[in-house]
Amino acid sequence: MMSRPFNRIPAERVGENNPSIWVELGALASEINAVNLGQGFPDGPAPKFVTDQLKRISKHPELTCAHQYTSGYGHPKLVNELSKWYSYLYQQQVNAKSNILVTVGAYHALYYSFLAWINKGDEVIIIEPAFDCYAPQIKLAGGVPVSIAMNFPDGGTDASQFTVDFEKMESSITEKTKMIVINNPHNPSGKLFNRMELLKIADIAQKYDLIVVADEVYEFHCWGVPKMIRFASLPGMWNRTISIGSAGKVFSITGWKLGWAIGPDHFLAPLKAIHQNCTYACSTPTQLAVGMAFEKEWETFHVKPHKSYLGGYLPEELVKKNKKLQKMLVKAGFAPILPQAGYFMLANYTQINAEFKTLEETGELDDYSFTKWLCTEKKLAVIPLTAFFANNEDKMRNTSFVRFCFFKKDKTLNDAKKIMKNLSK
C-alpha cells in the first residue's frame with residue numbers, strides 16, 4: 001500500500017504563524033550583538049530585596065509550600081498580598097480566593113480573558129497603537145479586533161498629545177461589540193490616560209454593556225502629574241473590569257514570568273476554568289518569593305511611599321534614564337516624544353541621515369527599513385512603531401517613528417550614546 005505524502009495544515013485559527021516583531025528583531029539584535037534599546041526589559045540587576053526572597057526559599061528544600069504544587073489559582077502567600085495591595089489601590093475589597101488568578105505572565109492573563117469571554121464573531125475595540133499580542137489573541141479566541149487609532153498632531157512632542165477619538169470609538173460599536181481593551185500606562189507611546197479620558201471610556205462601557213480589559217502592567221512606572229488611575233477604581237467599573245498585572249514589570253524581573261488577572265467572581269470564573277485545564281498552577285517558588293517581596297515592600301509603601309522601591313526609587317530611576325535618553329536622541333537628530341509613564345519613548349527619525357532603502361525600493365515600511373539599517377549597520381536595536389498598528393492605512397500614517405526602551409543600565413545607554421554620535425558618519 002502506497003503511503004500518502006504528509007500534507008496536513010495547522011488549524012485555521014493559527015493564521016499565518018509568522019514570527020512576531022519581538023522574535024524577528026530580537027534574533028537579529030542577538031545575532032549581531034547589537035545594543036538593545038528595542039525589547040522592553042531592564043538589563044540591570046533585579047532588586048536585591050526581591051531576589052533575596054528566592055535565595056531564602058532555596059535554602060529550605062524541606063518546605064513543601066515552596067517547592068511542590070501550590071493552589072492552582074495562585075500561591076496563598078501571593079494572592080493574600082495581592083488582595084491587600086489591590087484592595088488599597090482600588091479602594092474596593094479584593095478577595096484573595098475569588099477575585100485573583102495568578103498566570104504565566106500578563107500575556108497569559110490577557111489570553112485567558114479573551115478566550116473566556118469572546119465567542120466567534122464578537123468584536124473587541126483596541127486603542128492603537130497597541131501591543132501586538134492583543135489582535136492575534138483575540139483572533140485565536142474567534143473574535144474580531146476593531147482598531148481605533150489615536151490622533152497625534154504633526155510636530156507633537158509629548159505623549160499626552162495622543163488622544164482617543166471617542167466619537168469614532170462609539171460609532172464603531174455594533175451589536176457584536178463585547179469588549180474594550182485599554183493599556184494604561186500606554187505602550188508604546190508612554191501616555192498616561194487622565195481621569196476625564198478614563199471616565200469617557202467608562203461611560204461608553206456602561207452605555208453599551210461592554211467588558212473592559214485593563215492592561216495595567218506599567219502601573220507603578222509613573223512620575224509627575226497626572227497620577228495613575230486604575231480603571232477598576234472608577235465608579236461602577238469594578239463589576240465590568242478584568243485588570244491585568246505583572247510581577248515582571250512591578251519588580252523588574254521579566255524572566256520570572258508571573259502575572260495576574262483581578263476582577264469580580266463572575267468575570268474570573270471562566271478564566272479559572274481554562275487555567276485549571278491548561279497550566280493548572282504557576283511556578284511555586286517564584287510565586288512565594290514575589291508574595292514575600294510584596295509583603296516587604298508594603299512595610300514602607302503604604303506609610304512613606306516616596307521612601308519605598310515602587311513609590312520612590314523606581315520612578316526616580318525612570319526619570320533619570322528618561323532624561324538621559326531624551327538628550328541623546330536630540331543630539332543625534334531624532335525628535336523624541338516625551339513619555340508620561342512606562343519605560344518607552346517614541347522618536348521621529350526622519351531627519352537622520354540614514355542610507356536605508358525606502359518603501360518603493362523594498363516593499364517594506366520605512367520604519368522597518370530604518371530599524372533594520374540601524375541594527376545591522378550601526379548595531380543599535382529599536383522597534384518600528386508600525387508594529388503596533390493592525391491596519392495598513394494606519395501603518396502608512398505612522399512610519400516616521402521608532403520606539404526606544406530607556407529602562408536600561410547606564411552602560412547600555414552609554415553604549416547607545418556612542419553609536420548615536422556617529423549615526424551620520
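## Overall character

Buried residues, meaning those under 20% relative accessible area (exposed is over 50% and partly exposed lies in between, with a 1.4 Å probe and protein chains only), make up 56% of the 425 residues in the protein chain. The model is predicted: local features need pLDDT of at least 70, side-chain atom pairs count only at pLDDT 80 or more, and totals for chains, interfaces and linings use all residues. Residues are numbered from 1 along each chain as its sequence is written, and side-chain values use heavy atoms, with hydrogens and water left out.

The protein chain contains 16 helices and 13 strands; these are DSSP runs numbered from the N terminus, with helices (H or I) of at least four residues and strands (E) of at least two. Its C-alpha trace spans about 65 × 60 × 55 Å along the principal axes. The radius of gyration, taken over C-alpha atoms, is compared with a globule rule of 2.2 Å times the number of residues to the power 0.38. For 425 residues a compact globule would have a value near 22 Å, and the protein chain agrees, with 22 Å.

The exposed surface of the protein chain is about 19,700 Å², of which carbon and sulfur atoms supply 51%. Such accessible areas come from the Shrake-Rupley method with a 1.4 Å probe; for residues, only the protein chains shown count as cover. Contact means heavy atoms within 4.5 Å. Among contacts between residues at least 6 apart in sequence, 72% join residues at least 24 apart.

## The nonpolar core

A nonpolar core is a set of buried Ala, Val, Leu, Ile, Met, Phe, Trp, Tyr and Cys residues joined through side-chain atoms within 4.5 Å. The largest one has 145 residues, and those with the most contacts inside it are Phe-251, Phe-334, Phe-370, Phe-404 and Met-420. In soluble globular proteins, nonpolar side chains tend to be buried together.

Leaving aside neighbours within four places in sequence, Phe-404 is in contact with residues including Leu-37, Leu-325, Phe-334, Tyr-343, Met-345, Val-382 and Met-420.

## An open sheet of four strands

Two strands pair if DSSP finds at least two bridges between them. An open sheet of 4 strands follows the order E9-E10-E13-E12, with antiparallel pairing. Strand E9 (335-337) and strand E12 (383-384) stand at the edges with a single partner strand each, so one side of each is left without a neighbour in the sheet.

Strand E10 (residues 344-348) and strand E13 (residues 401-405) run antiparallel and are joined by 5 bridges. Here Met-345 stands opposite Phe-404 in E13, and Phe-404 also has Met-345 among its contacts.

## Strand E7 and its partners

Strand E7 is largely enclosed by the rest of the structure, because 6 of its 6 residues are buried. In a regular strand the side chains alternate between the two faces of the sheet. Both faces of E7 are covered, with buried Thr-241, Ser-243 and Gly-245 on one side and buried Ile-242, Ile-244 and Ser-246 on the other.

E7 pairs with E6 in the parallel sense over 4 bridges, and Asp-215 has Ile-244 of E7 as its bridge partner. E7 also pairs with strand E8 (residues 259-262), in the antiparallel sense over 4 bridges; the bridge partner of Gly-245 in E8 is Trp-260.

## Salt bridges

A salt bridge is a side-chain nitrogen of Lys or Arg within 4 Å of a carboxyl oxygen of Asp or Glu. The whole structure holds 15 of them. Asp-52 and Lys-48 form one, at 2.9 Å from N to O; both lie in helix H2 (residues 48-58), 4 residues apart, about one turn of the helix. Asp-52 is partly exposed at 26% relative accessibility, while Lys-48 is exposed at 59%.

Glu-197 and Lys-191 form another, with their closest N and O atoms 2.9 Å apart. Glu-197 is buried at 9%, and Lys-191 is buried at 1%. Arg-240 and Asp-209 form a salt bridge at 3.4 Å between the closest N and O atoms. Arg-240 lies in the loop between strand E6 (211-215) and strand E7 (241-246), and Asp-209 in the loop between helix H8 (195-207) and E6, so the pair ties together parts 31 residues apart in sequence. Arg-240 is buried at 16%, whereas Asp-209 is exposed at 58%. Lys-77, Glu-81, Lys-84 and Glu-295 are linked in a network of salt bridges.
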